[in-house]
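Here are some exercises to work through with the structure open beside you. Try each task yourself before you read the solution.

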Amino acid sequence: MIRIDPHAHTNHSDGTDTPSELIAAAKSAGLDFVGISDHDTTSGWDEAVKAARSQGIGLIPSVEFSAQWQGRPVHILGLLVDSKHAGLQQEFLNAQNSRSERLERMVSKMQNDFPGLAWENVERRAAGAPLGRPHLADELVDLGFVGDRSEAFVEILSPRGPYWERQKTLPPREAVELIRAAGGVPILAHPQATKRGRPVPQEVVQEMVDAGLFALERDHRDHDQGDRAEVDRLAEYFGLPITGGSDYHGRGKPNRLGENLTDPDVFARICEQGITEVIKP
Ligand code: AMP
Ligand code: FE
Ligand code: FE
Ligand code: ZN
């Protein structure tokens, strides 16, 4: 049985491994295929492709696109997109700008309550990668306000918390359309992860399905048994396949590579539909 984990991040977004380190970690974890699915960028692909070829690991070049519904994050994986698609690259630029703007607004709101917190130090952490709350969380850890990244998300950085600011993004339907226009295979990531806000309502999933959504990510650390049953119900209702992935972020999160996997038959369909070729092991 081949082991396929299509959902992982590097330091080209909010993970901590370089793309080469991700490939090495995927090899140690006994994976046949790993995805590089950084948030709103494909800048890690070149290094990942080289490392995958030299280490003999399968690679699924991908992206995780940020959309929002009523100000709550909705993440859509775009597997095997054409990274050179002009509309896609334009939207990455928009997303990167709105990510910085939004995070800076959160930092301003936090200023009085977290002495020593400075925007320049948060910004520097990303080293040019798309900024996200994890970079701010890491700064709060180093300043001693929380013990680790996850603790920062419980209240301080939560959508229900006092410092929450919306980010300007595409609506979910348009993000799915864009991924399809760029030849990619759109998969709704962790749709029932309620720790991150309200789950995506069925009518919003309907819009995404109408726009070309391929699958729902069911097997994910942030889904308990009840959440998985709800994803099964949605998948059956819409006639969509399900996938699984680790959402590995290196040292940034407890998620381990290969802890959730995607079925080889579903993966075969993804490979048929995606415009970019996977790198074979
Ligand atoms: P942002 O892109 O700014 O909306 O931040 C979202 C990112 O924060 C996600 O991609 C995850 O990497 C991370 N994240 C979300 N919830 C948690 C959590 N409870 N613990 C640790 N990291 C989280
Ligand atoms: Fe992330
Ligand atoms: Fe996500
Ligand atoms: Zn992810």
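**Exercise 1: a turn after a helix**

Which residue just after α2 takes a positive phi?

Solution. Bear in mind that you're looking at a predicted model. Step one: go to the end of helix α2, which spans residues 45–55. Step two: look just after α2, where Gly56 has a positive phi of about 70 degrees. Step three: look back into the helix itself, where Trp45, Ala48, Val49, Ala51 and Ala52 are buried. The cover over these buried residues includes α1 (19–28), β2 (33–39) and β3.

**Exercise 2: lay out the sheet**

Work out the strand order, and find the strands at the edges.

Solution. Start with the overall layout: 7 strands make an open sheet, ordered β1-β2-β3-β4-β5-β6-β7, with mixed pairing. The edges belong to β1 (4–5) and β7 (242–244); each has a single partner strand, so one side of each has no neighbour in the sheet.

Now for the pairing. As a reminder, strands of a sheet pair through backbone hydrogen bonds, either parallel or antiparallel. Walk across the sheet pair by pair:

- β2 and β3 run parallel and are joined by 7 bridges; Val34 has Leu59 in β3 as its bridge partner.
- β3 (residues 58–69) and β4 (residues 72–79) are antiparallel, with 8 bridges. Ser62 is partnered with Leu79 in β4, and Val63 with Gly78 in β4.
- β4 and β5 are antiparallel too, over 4 bridges; here Gly78 has Pro186 in β5 as its bridge partner.
- β5 and β6 run parallel, joined by 2 bridges; Leu188 is partnered with Leu216 in β6.

One last stop is the hairpin that β3 and β4 form, with 2 residues between the strands. Gln70 sits in that turn and has a positive phi of about 45 degrees.

**Exercise 3: inside the sheet**

Decide whether the two faces of β3 are covered or open, then check β5.

Solution. First, a rule to use: in a regular strand the side chains alternate between the two faces of the sheet. Next, sort the residues of β3 by side. Gly58, Ile60, Ser62, Glu64, Ser66 and Gln68 are on one side, Leu59, Pro61, Val63, Phe65, Ala67 and Trp69 are on the other, and all of them are buried. With 12 of its 12 residues buried, β3 is therefore largely enclosed by the rest of the structure.

Then do the same for β5 (residues 185–188): Val185 and Ile187 point one way, Pro186 and Leu188 the other way, and all are buried.

**Exercise 4: follow one arginine**

Which residue's side chain makes a polar contact with the side chain of Arg218?

Solution. Begin by finding Arg218 in strand β6 (residues 215–219). From there, trace its side chain to that of Asp232, where the polar contact is 2.9 Å. Finally, list the surroundings: leaving aside neighbours within four places in sequence, Arg218 is in contact with His223, Arg228, Val231, Asp232, Ile242 and Thr243.

**Exercise 5: the ligand and its shell**

Describe what surrounds ligand 1.

Solution. Take the shell first. There are 13 residues around ligand 1, and Asp14, His39, Arg102, Arg133 and His249 come nearest. Sorted by kind, the shell has 2 nonpolar, 5 polar and 6 charged residues.

Now look at individual distances to oxygen atoms of the ligand. A polar side-chain atom of His39 is 2.8 Å from an oxygen atom of ligand 1. For Arg133, a polar backbone atom lies 2.8 Å from a ligand oxygen. For His249, a polar side-chain atom lies 2.8 Å from an oxygen atom of ligand 1.

How much is covered? Ligand 1 has 500 Å² of accessible area on its own, and the protein covers 90% of that. The elements giving two or more residues to the shell are α3 (86–110), α5 (133–142) and α6 (149–154).

**Exercise 6: two unusual phi angles**

Are Ala127 and Asp247 buried or exposed?

Solution. Some background first: most residues other than glycine have a negative phi. Ala127 has a positive phi of about 50 degrees although it isn't a glycine, and it lies in the loop between α4 (119–126) and α5. Its relative accessibility is 69%, so Ala127 counts as exposed.

Asp247, likewise not a glycine, has a positive phi of about 60 degrees. You'll find Asp247 in the loop between β7 and α10 (264–273). With a relative accessible area of 2%, Asp247 is buried.

Definitions and conventions
Residues numbered from 1 in each chain as written. Chains lettered and ligands numbered in written order. Predicted model: local features only at pLDDT ≥ 70, side-chain atom pairs only at ≥ 80, totals over all residues. Heavy atoms only, no water. Pairing = 2+ DSSP bridges. Near = heavy atom within 4 Å. Polar contact = N/O pair within 3.5 Å; in protein donor to acceptor, adjacent residues only side chain to side chain. Areas by Shrake-Rupley, 256 points an atom, 1.4 Å probe, with all protein chains shown as cover. Nonpolar A, V, L, I, M, F, W, Y, C, P; charged D, E, K, R; others polar. Buried < 20%, exposed > 50% of the residue type's maximum accessible area, 1.4 Å probe, protein only. Contact = heavy atoms within 4.5 Å.
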